[in-house]
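The following report describes the architecture of one protein model for a reader at the bench. It should be read alongside the sequence and structure shown here.

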Amino acid sequence: MTDTLTLRRPDDWHLHLRDGAMLQAVLPETARHFARAIIMPNLVPPVVTGAQAASYRDRILAALPEGMSFEPLMTLYLTEDTDPDDMAAAHTSGLVKAVKLYPAGATTNSASGVRDFDKVRPVLDRMAEIGLPLCVHGEVTDAEIDIFDRETVFIDRVLDPIRKATPGLRVVMEHITTRDGVEYVRANETDLGATITAHHLIINRNHILVGGIKPHYYCLPVAKREEHRKALVDAATSGDERFFLGTDSAPHTDANKETSCGCAGCFTATNTMSLVAEVFDRAGALDKLEGFTSVNGPRFYRLPVNDQTITLQKGDPVTYPDKIETRDGPVTVFDPGFPLHWRVV
Ligand SMILES: NC(=O)N[C@@H](CC(=O)O)C(=O)O
Ligand SMILES: [Zn+2]
Ligand SMILES: [Zn+2]
């Protein structure tokens, strides 16, 4: 039985660090294990311009504790007013690694996102030309579409038409939650990848709703049926290079989660590697873990893999805090509901 695993240091290809007090509190949780992360730009106001991305990057680096190393990979928040030249310049300078598409109203802080996809056509064409990836929150927002169908409908109505109209556009479907998402990625040989979160490998919709409503399992896209969770585990553990880890660790204070209209987001930064290792171990796929956490992502983003390594050891159940404290209030750490045995040493 393997009980020690050495992996290239992992990266997180979808992370929310927020700003201010929250940034200060959550950044070490990620930097402890991860070398780099794609930093989501859904601040209020959002990170739209190259100058805003540069200043956010500076704030992140200023919040990094002494002795920790971490590279934030910055993204721009796509709006109908995004300037293609400013975007291209931010890419050429090496500052920005991706642009994030939020359909307006789809998720936390997405009000400035895109309503009319034709309006962003020149930006998308330019991205295809310069090889700048588009990260997509793939859910339609139409009131008449059931929330559990919003990802699948988005693929047919929005994503596939955009990809057909923009040859060469490199797309990451963020935090996929359905078999349909997995199948769409598998059916496309080039220019398409997907991130999968730790929590969507673990919970299905029952976790949110059975035995009382569990606000800390509520995130967007919302967890689906068990058959979809299984399809995600199958994709993540298959060794297919198009799937990689993006935690979507999305901190909200307990006060903002445990209320009559709670925010969407699971906070997993603290225990991600233990969560994911447990899932891969249960699937008999520990040999595929490094690809998922440390190799497939850099390959898609055309960045070098990390030279450093981390070591995981299997043993007695891992202990981690229930909550982390922030100056804005406590943030609950994702609880998988079962013991985790792999610790990062
Ligand atoms: N995933 C979430 O439920 N929430 C994210 C936004 C997002 O990634 O959609 C957040 O910023 O809180
Ligand atoms: Zn999202
Ligand atoms: Zn997210």
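The report covers the sheet, its crossovers, two helix environments and some backbone features.

## Basis of the model

This is a predicted model, in which local features need pLDDT of at least 70 and side-chain atom pairs count only at pLDDT 80 or more, while totals for chains, interfaces and linings use all residues. Residues are numbered from 1 along each chain as its sequence is written, and chains are lettered from A and ligands numbered from 1 in the order in which they are written.

Helices (H or I, at least four residues) and strands (E, at least two) are DSSP runs, numbered from the N terminus.

## The parallel sheet

Eight strands make up an open sheet with parallel pairing, in the order β2-β3-β4-β5-β6-β7-β8-β9; two strands pair if DSSP finds at least two bridges between them. The edges are occupied by β2 (12–15) and β9, each of which has a single partner strand, so one side of each lacks a neighbour in the sheet. From one strand to the next the twist averages 30 degrees.

At one edge, β8 (residues 192–196) is joined to β9 by three bridges, and the two run parallel. Here Ile-196 stands opposite Leu-245 in β9.

## Strand β3 and its crossovers

In a regular strand the side chains alternate between the two faces of the sheet. In β3 (residues 36–39), Arg-36 and Ile-38 point one way and Ala-37 and Ile-39 the other, and all are buried. A residue is buried if 20 or more other C-beta atoms lie within 10 Å of its own, exposed if 12 or fewer, and partly exposed in between, with C-beta atoms placed from the backbone.

Two bridges join β2 to β3 in parallel, and Leu-15 has Ile-39 of β3 as its bridge partner. The chain passes from β2 through helix α1 (residues 20–31) to β3 in a right-handed β-α-β crossover; right-handed means that, with the strands pointing away from the viewer, the path from the first strand over the helix to the second runs clockwise.

β3 also pairs with β4 (residues 71–77) in the parallel sense, over four bridges. Ile-39 has Met-74 of β4 as its bridge partner. The crossover from β3 through helix α2 (residues 50–63) to β4 is again right-handed.

## Helix α10

Nine of the eleven residues of helix α10 (residues 272–282) are buried, so this helix is largely enclosed by the rest of the structure. Among them are Met-273, Leu-275, Val-276 and Phe-280. The buried residues pack against α8 (226–237), β9 (243–245), α11 (289–301), β10 (309–314) and β13 (342–344); two residues are in contact if their C-beta atoms, placed from the backbone, lie within 7 Å. Gly-284, with a positive phi near 65 degrees, follows α10.

## Unusual backbone geometry

Most residues other than glycine have a negative phi, and most peptide bonds are trans. The bond from Val-44 to Pro-45 is cis, with omega near -5 degrees, and Pro-45 is found in the loop between β3 and α2. Leu-220 and Pro-221 are likewise joined by a cis peptide bond, with omega about -10 degrees; Pro-221 is in the loop between α7 (205–209) and α8.

His-175 is not a glycine, yet has a positive phi of about 35 degrees. This residue is in the loop between β7 and α6 and counts as buried, with 28 C-beta neighbours inside 10 Å. Asp-191 also has a positive phi, near 60 degrees. Asp-191 lies in the loop between α6 and β8 and is partly exposed, with 17 other C-beta atoms within 10 Å.

How values were computed. Axes are lines fitted to C-alpha atoms, for helices over the stretch in contact, and angles run from 0 to 180 degrees between N-to-C directions.
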